[in-house]
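Q: I'm new to this structure and would like a close look at a single part of it. Could you walk me through one spot and then show me what else is worth seeing around the chain?

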Amino acid sequence: MELSPQLYHLLVRPPLWTKRYIHNVINRHFQLQNQIVMDFGSGVGSNCQLADPDKYIGLEICPKRVKFASQIYPQYRFVHFNGGALPTPTEYVDCILIVAVLHHISSREVSEYIREFRRILKPDGKILVMEPCLREQSRASNWCMKNLDKGKYIRDEQGYLDMFHSHRFETNVLRRFRKLVLYNELFFAARPKY
């Protein structure tokens, strides 16, 4: 059952947890102010406040979440996105933010998006990725993630990194951590190699 945007905002992305487990982790490594940021899979807009309102683009596949995010954060721009080419000019974006999205997308589709990410990123641009991650010594967490999360494509660390390596991106794992006892999280940056 799909949660309404209101329930998702309250139960999955409440501001206190979002700040602790996402914003604080990202801000320890990167400041996104004064950069054009695309939030790929922006959901209910929980991460928009990491960027300046006039430099933020939130892409989301669910129109109800786009509407909700636009109401909660009216100064930010949210766009309904149906897939395919990203609605952004070539070499336009400084940073692509991907938080808990790739584990919902097949490897074939992710590969198509990574080609688009390369197209829209400025030459010195970066992709910041935070995803639930399977770990060999975490059977209980792996079971919980596989059975409680709606994402059908939760990967191990190497699985996420290899998707970017195969498209000539260099990756840098910034943090491995546990979130809310049940989830192992991976936070990494990817930059295109030229």
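A: Sure, let's start with Pro89, which you'll find in the loop between S3 and strand S4 (93–99). Keep in mind as you look that this is a predicted model. Is Pro89 buried or exposed? Neither, quite: Pro89 counts as partly exposed because its relative accessibility is 47%, and the exposed class takes over 50%. Setting aside the neighbours within four places in sequence, Pro89 is in contact with Arg119 and Ile120. You can also look across to Ile127, which is 38 residues apart from Pro89 along the chain; the C-alpha atoms of the two are separated by 16 Å.

Now zoom out a bit. UniProt, in an unreviewed entry, places the feature "domain: Methyltransferase type" at residues 39–128. Over residues 39–128, the chain is 27% helix and 29% strand, and the C-alpha atoms at the two ends are 10 Å apart.

Next, follow the chain to helix H3, which covers residues 63–72. Its buried residues are Arg65, Val66, Phe68 and Ala69. These residues sit on the same side of H3, because they cover an arc of only 165 degrees around the axis. What do the buried residues of H3 pack against? Their partners are helix H1 (5–11), strand S2 (56–60) and strand S3 (77–80). Strand S3 should ring a bell, since the loop holding Pro89 runs between S3 and S4. Turn H3 around and you'll meet the exposed residues Lys64, Lys67 and Gln71, carried on the face turned away from the buried side.

Methods: Residues are numbered from 1 along each chain as its sequence is written. This is a predicted model: local features need pLDDT of at least 70, side-chain atom pairs count only at pLDDT 80 or more; totals for chains, interfaces and linings use all residues. Side-chain values use heavy atoms; hydrogens and water are left out. Buried means under 20% relative accessible area, exposed over 50%, partly exposed in between (1.4 Å probe, protein chains only). Helices (H or I, at least four residues) and strands (E, at least two) are DSSP runs, numbered from the N terminus. The arc is that of the directions from the helix axis to the C-beta atoms. Contact means heavy atoms within 4.5 Å. UniProt positions are given in the numbering used here, feature names are shortened, and annotations may be inferred rather than shown by experiment.
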